[in-house]
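Morning, everyone. I have one structure to show today. Let me put it on the screen.

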2 protein chains.
Amino acid sequence: MVSRIRPLLLQRDAADLYDAATAFIRIYQFRNRDHALRHGLTVVQAYTLDILLSSGGQSLTGLALALRLDKSTTSRVISGMTQHGLVEWSRPAHDRRAKLIVASPEGRRRYGRLRRAILRDNARLLATYPPPARQAAISILRELVHRATGASRAPSAASREARRTRTQRS
Amino acid sequence: MVSRIRPLLLQRDAADLYDAATAFIRIYQFRNRDHALRHGLTVVQAYTLDILLSSGGQSLTGLALALRLDKSTTSRVISGMTQHGLVEWSRPAHDRRAKLIVASPEGRRRYGRLRRAILRDNARLLATYPPPARQAAISILRELVHRATGASRAPSAASREARRTRTQRS
DNA sequence: TTGTTTAGTTGTCAATGGCAACTATCTTGG
DNA sequence: CCAAGATAGTTGCCATTGACAACTAAACAA
């Protein structure tokens, strides 16, 4: 069916991508976690604020989809963040079951500081690249994200939903 | 200390890298988790097997360092994996406190299947790139990992800080 | 109006992860 | 050799993450 000649090189690149991506993820994940903790946020809280700030506000269900978490987990996350004064919410007039969740000033401040710290790190990381190489790196990451989003879903309902929401958020 | 002219361009690229990396991490993380679960492993178990197989065996402390987990967590992970027949361990003759932990045949099998599944995914992802672009993507990822590893390690200071901050957080 | 669907919450369970306190085994300075 | 310290792992306790199921309340549809 498919060429017997194709594989070897592709196989090797696929393996290299796996190893590189794994390492990348682990490094950045831990780095981001350290940064978040230093600024008094957990990783999930930072993601939540990211989503709230870039979208201007979300329902709990929308948030759960964007975070790819269960509604129940999301509900508890928001409850914790409300207690810590990181988010605020109100009942939209047109649907009194729903919550409209937004970042509080304090949440905005903390996320802003966190983001700036990470950006400083990234700038240091990129500083010695020539700009075209920098942009190449970024656009390749974007491309991989794009492909992975479109392609490899062995779609649980959750993932399908998540994709839909994420797409319309951007 | 550094130039005031510190280019706007760099700022922008740093921000772009942040967004792209964040998206990349989230996508791959969830994809890997789905894959792992489908093959009867958790993410941590998959990483553990990866480390054990590529190193040929580890002490618990070494594993904890590689996984960046606390010894206690690692101990419990290994205990679970032992019960599930994914790893085996022995007491090295020269130190009867220590554990030498290795992957069991079953662990090897499952990890192998998981890895092959992910590689198939990656191959599909890369298939339509021309090989030089593929390799560029990979080497950029590697380079970023390399830089992040060499650079931003202030691990003890970072963790200490993080701990302190977390503690004083109400 | 009466189902039905939708938005969130709560109960329960398991896994993840950290810190502190503990046991058992080396290792070293006298 | 031996007491003191360092190391390797384990366990107790706690908080968070995460899923699933059962639930309440509000909105919607026939």
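What turn and what shift along the axis lay chain B on chain A? This is a predicted model, so to speak plainly, every value here is computed. The turn is 179°, and the shift along the axis is 0.0 Å. The RMSD for that superposition is 0.1 Å. The two copies are therefore related as by a two-fold rotation axis. Look for Ile25(B): within chain B, the C-alpha of Ile25(B) is the one nearest the axis, at 2.8 Å. Both copies use the same surface, with 87% of the contact residues of chain B recurring in chain A.

Now the contact itself. Chain B puts in 52 residues, and chain A puts in 49. On the chain B side, four helices each supply at least two residues: H1 (8-38), H5 (105-126), H6 (131-150) and H7 (155-168). H1(B) gives the most, 20 residues. By class, the side of chain B that touches chain A has 31 nonpolar, eight polar and 13 charged residues.

On to the DNA. Which residues come nearest to DNA strand D? They are Ser72(A), Ser59(B), Leu60(B), Ser72(B) and Ser75(B), out of 22 residues around the strand. Three elements give two or more residues to this surface: helix H4 (71-83) of chain A, plus helix H3 (60-67) and helix H4 (71-83) of chain B. H4(B) has the largest share, with five residues. The class split for the surface near DNA strand D is nine charged, seven polar and six nonpolar.

That's the tour. Over to you.

Definitions and conventions. Residues are numbered from 1 along each chain as its sequence is written. Chains are lettered from A and ligands numbered from 1 in the order in which they are written. This is a predicted model: local features need pLDDT of at least 70, side-chain atom pairs count only at pLDDT 80 or more; totals for chains, interfaces and linings use all residues. Copies are superposed by least squares on the C-alpha atoms of residues with pLDDT of at least 70 in both. Two residues are in contact if their C-beta atoms, placed from the backbone, lie within 7 Å. A residue is near a molecule or strand if its C-beta atom, placed from the backbone, lies within 6 Å of it. Ala, Val, Leu, Ile, Met, Phe, Trp, Tyr, Cys and Pro count as nonpolar, Asp, Glu, Lys and Arg as charged, and the others, Gly among them, as polar.
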